[in-house]
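Colleague: Mind walking me through this model? I'd like to start with charges and then look at packing.

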Amino acid sequence: MHYVLKKAKRLIVGVIGFTVLVFGIMLTVLPGPAFIVIPLGLAILATEFAWARRLLKKVKQQIGENNKKG
C-alpha cells in the first residue's frame, strides 16, 4: 500500500508541476510573470524528480548571474 501512495503522490506532483510549468512557458508570449511561474513549476517538480532539481539549480544560477550584471 505504501508503494501505491508514493506513486500516487509522484503522479499528482508531476501533473501539478507540469501544469504550472506549461502555464509559465505560455506566459513567455502572453502578458504575465513567466520569470516567477516557470521556477515555481520547477520547484514543485523538484520535490519528486531529480532532473527538475538540476534544472532548477541551473535556472537559479542563471538568475544570479543576470542580477550581478545588471
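Modeller: Happy to. A quick term to begin with: buried means under 20% relative accessible area, exposed means over 50%, and partly exposed is in between, using a 1.4 Å probe and protein chains only. This is a predicted model, where local features need pLDDT of at least 70 and side-chain atom pairs count only at pLDDT 80 or more, while totals for chains, interfaces and linings use all residues. Residues are numbered from 1 along each chain as its sequence is written, and side-chain values use heavy atoms, leaving out hydrogens and water.

Colleague: Got it. How many salt bridges does the structure hold?

Modeller: Just 1, where a salt bridge is a side-chain nitrogen of Lys or Arg within 4 Å of a carboxyl oxygen of Asp or Glu. Glu48 forms it with Lys9, and their closest N and O atoms are 3.1 Å apart. The two partners come from distant parts of the chain, 39 residues apart: Lys9 is in helix 1, and Glu48 is in the loop between helix 2 and helix 3. Helices here are DSSP runs of H or I with at least four residues, numbered from the N terminus.

Colleague: Is Glu48 buried or exposed?

Modeller: Glu48 counts as buried because its relative accessibility is 15%. Its partner Lys9 has a relative accessible area of 49%, so Lys9 is partly exposed.

Colleague: And what else does Glu48 touch?

Modeller: Leaving out residues up to four places away in sequence, Glu48 touches Arg10, Val13 and Arg53 as well as Lys9. A contact here is heavy atoms within 4.5 Å.

Colleague: Switching topic: how many aromatic pairs turn up?

Modeller: A search of the whole structure gives 2. Rings of Phe, Tyr and Trp (its six-membered ring) pair if their centres lie within 6.5 Å; planes under 30 degrees apart are stacked, over 60 edge-to-face, and the rest tilted. Phe18 and Trp51 have ring centres 5.9 Å apart and planes at 25 degrees, so that pair is stacked. With Phe18 in helix 1 and Trp51 in helix 3, the pair ties together parts that are 33 residues apart in sequence.

Colleague: Are those two rings buried or partly exposed?

Modeller: Phe18 is partly exposed at 41% relative accessibility, and Trp51 is partly exposed at 34%.

Colleague: What about the Phe49 and Trp51 rings?

Modeller: Their centres are 6.1 Å apart and their planes at 35 degrees, so this pair is tilted. Phe49 counts as buried, at 13% relative accessibility. Put together, ring pairs link Phe18, Phe49 and Trp51 into a cluster.

Colleague: Nice. Which residues make up the largest nonpolar core?

Modeller: There are 7 residues in all: Leu21, Leu42, Leu45, Ala46, Phe49, Ala52 and Leu56. Such a core is a set of buried Ala, Val, Leu, Ile, Met, Phe, Trp, Tyr and Cys residues joined through side-chain atoms within 4.5 Å. Helix 2 (34-46) and helix 3 are the elements that give two or more residues to this core. Helix 2 gives the most, with 3 residues.

Colleague: Take Leu42, then. What does Leu42 touch?

Modeller: Not counting residues up to four places away in sequence, Leu42 touches Leu21, Ala52, Leu55, Leu56 and Val59.

Colleague: Last one: where is Gln61?

Modeller: Gln61 is in helix 3, which covers residues 50-69. At 44% relative accessibility, Gln61 is partly exposed. From Gln61 to Ile25 is 36 residues in sequence and 19 Å in space, C-alpha to C-alpha.
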